Amino acid sequence: MVVWPSAPFTNLVLRCTRLTISSDMALCLWRQTRTLSRNDVKSDVSFRIPLVDFSRYRNAASHSEKQQTADDIVNAFREVGFVYLMNHGVTDGMLENVFGQVKEFFRMPVQKKDQLAWEDPRANRGYVRQGRERVTQSTSVEEIAALRLTAPDSKESMEIGRDWDSVWKNQWPKEEDVPGFRSTILDFFEACHDTHTVIMRSIALGLRLDETFFDDKINEQWHNLRLLSYPPLDADLLRKDGQARAGAHSDYGTLTLLFQDAVGGLEVQNPHTMHFHPATPIPGTVVVNVGDLLSRWSNDTLRSTLHRVVAPPSYMKTATSATGEQKQVEIIPERKSIAFFCNPNFGAVVECLPTCVGSEGPKYEPVQTEKYIVGRLSDTYF
Ligand SMILES: O=C(O)CCC(=O)C(=O)O
């Protein structure tokens, strides 16, 4: 059962099921329509990120309902590489708590956050201050360094991995600095891992593999939880060519689960026209996209699609100066999002799935997960 939401709001087409649109969502969609002024943002009327009710997989009444839902998800990943899932398994209550903790964390003074600094791509844990990461598709060290200087990502992040790792330790803030942060985040990590496992089962079924095919290849929780804070920014700076809150990139692992607040700014490239489209926040859903390793595993049957974070919908506000003068200022609200980058086990070798070989055979050499992921991370940080 698939719903095809899209901006602008008036184009919202619903198939087969009802979707309740809250006032938040309507406001968000309306704002999106006012800010599609970038040259590469076009309204390809046929472009949609499908919305799937995942309870129809988790609690399917019959095998055919389960198979149909799995097929809907796989079709979304074949066509677009992205899907919105509702009833995904992480509760609203948990998300509310996590977003609250994320706000508290980033509110800490920068000196405290810097004590938790990210140090090593093999660890991929810790605090990344603004300007340290520049996500891009480029693998040239010189090109990435130049991008960092001229068009750095305007964001800060906190990276968290599995907590029991014998070599790499998470960089937790002191309990008194952000009470409850560690336990809330660890529970959330576990919930996202469980959700990933079930979505991968649906993908296995959709690709005509045994439903548990991926289970023993993704069970060691080599994931990366990224808490993101995009501070308020000068509107003109963010709109300058090449500037973004996060530059266009694909993700590295199997899937990414992206939870976003209502501000917006995430855009997804239509792989058929190369135009970018807003992935408008829809309350109660998670945005799920395919990463490069899953795309490679599936011999490119599933797409790893470029996406970026740009100036979100803005609004004008009248500000009064100290002398009483009134002027219009453009407000770009701050944004928080949470990306759970899911990975196969680091020891797992990713090689063409038996049902994806096709007539041309495998396009890629087998690759070990750790080698691939650490290599990509080394390129994007300094
Ligand atoms: O914040 C978002 O919406 C997306 C973040 C993202 O794509 C990333 O950090 O790789």
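**Figure 1. The left-handed crossing of helix 4 and helix 7 in the predicted model.** In this predicted model, helix 4 (residues 92-107) and helix 7 (residues 181-206) cross in the left-handed sense, and the two helices pack at an angle of about 135° with their axes 10 Å apart. Helix 4 and helix 7 are therefore oblique to each other, the oblique class being what remains once angles under 35 degrees, over 145 degrees and from 65 to 115 degrees have been assigned elsewhere. From helix 4 the contact draws on M94, N97, V98, Q101, E104 and F105, while helix 7 contributes F181, T184, I185, D187, F188 and A191. Sorted by class, the residues of this contact comprise 7 nonpolar, 3 polar and 2 charged.

**Figure 2. The packing of helix 3 against helix 7.** The axes of helix 3 (residues 63-79) and helix 7 come within 8 Å of each other and cross at roughly 95°, which makes helix 3 roughly perpendicular to helix 7. On the side of helix 3 the residues involved are K66, Q67, T69, A70, D71, I73 and V74, and these meet S202, I203, L205 and G206 of helix 7. The class composition of this contact between helix 3 and helix 7 is 5 nonpolar, 4 polar and 2 charged residues.

**Figure 3. Strand 11 and its burial.** Strand 11 (residues 285-290) is mostly covered, with 6 of its 6 residues buried. The burial extends to both faces of the strand, since T285, V287 and N289 on one side are buried and V286, V288 and V290 on the other are buried as well, where a residue counts as buried if 20 or more other C-beta atoms lie within 10 Å of its own. For the chain as a whole, buried residues make up 42% of the 382 residues.

**Figure 4. The antiparallel partners of strand 11, namely strand 3 and strand 8.** Strand 3 (residues 82-86) runs antiparallel to strand 11 and is joined to it by 5 bridges, and within this pairing L85 has V286 of strand 11 as its bridge partner. Strand 8 (residues 255-260) is likewise antiparallel to strand 11, here with 4 bridges, and L255 has V290 of strand 11 as its bridge partner.

**Figure 5. An open sheet of 4 strands.** The strands of this open sheet follow the order 7-12-9-10, and their pairing is antiparallel. Strand 7 (246-249) and strand 10 (276-278) stand at the edges, where each has a single partner strand, so one side of each is left without a neighbour in the sheet. From one strand to the next the twist averages 20°. At one of these edges, strand 7 pairs with strand 12 (residues 307-309) in the antiparallel sense over 2 bridges, and A246 has V309 of strand 12 as its bridge partner.

**Figure 6. The loop position of Q171.** Q171 lies in the loop between strand 5 (156-160) and helix 7, and with 18 other C-beta atoms within 10 Å this residue is partly exposed. Residues up to four places away in sequence being left out, Q171 touches L116, R125, G126 and Y127. Q171 and G161 are 10 residues apart in sequence, and their C-alpha atoms are 9.5 Å apart in space. In the protein chain as a whole, residues 24 or more positions apart account for 75% of the contacts with a separation of 6 or more.

**Figure 7. Positive phi at Q221 and at N299.** Q221 has a positive phi of about 60° although it is not a glycine, and its place is in the loop between helix 7 and strand 6 (224-230). With 19 other C-beta atoms within 10 Å, Q221 is partly exposed, because a residue needs 20 or more such atoms to count as buried. N299, which is not a glycine either, also has a positive phi of about 60°, and N299 is found in the loop between helix 9 (292-297) and strand 12. N299 counts as partly exposed, with 19 C-beta neighbours inside 10 Å.

Notes:
Residues are numbered from 1 along each chain as its sequence is written. This is a predicted model: local features need pLDDT of at least 70, side-chain atom pairs count only at pLDDT 80 or more; totals for chains, interfaces and linings use all residues. A residue is buried if 20 or more other C-beta atoms lie within 10 Å of its own, exposed if 12 or fewer, and partly exposed in between; C-beta atoms are placed from the backbone. Two residues are in contact if their C-beta atoms, placed from the backbone, lie within 7 Å. Two strands pair if DSSP finds at least two bridges between them. Axes are lines fitted to C-alpha atoms, for helices over the stretch in contact, and angles run from 0 to 180 degrees between N-to-C directions. A crossing is left-handed if the near helix is turned anticlockwise from the far one by less than a right angle, and right-handed if clockwise. Ala, Val, Leu, Ile, Met, Phe, Trp, Tyr, Cys and Pro count as nonpolar, Asp, Glu, Lys and Arg as charged, and the others, Gly among them, as polar.
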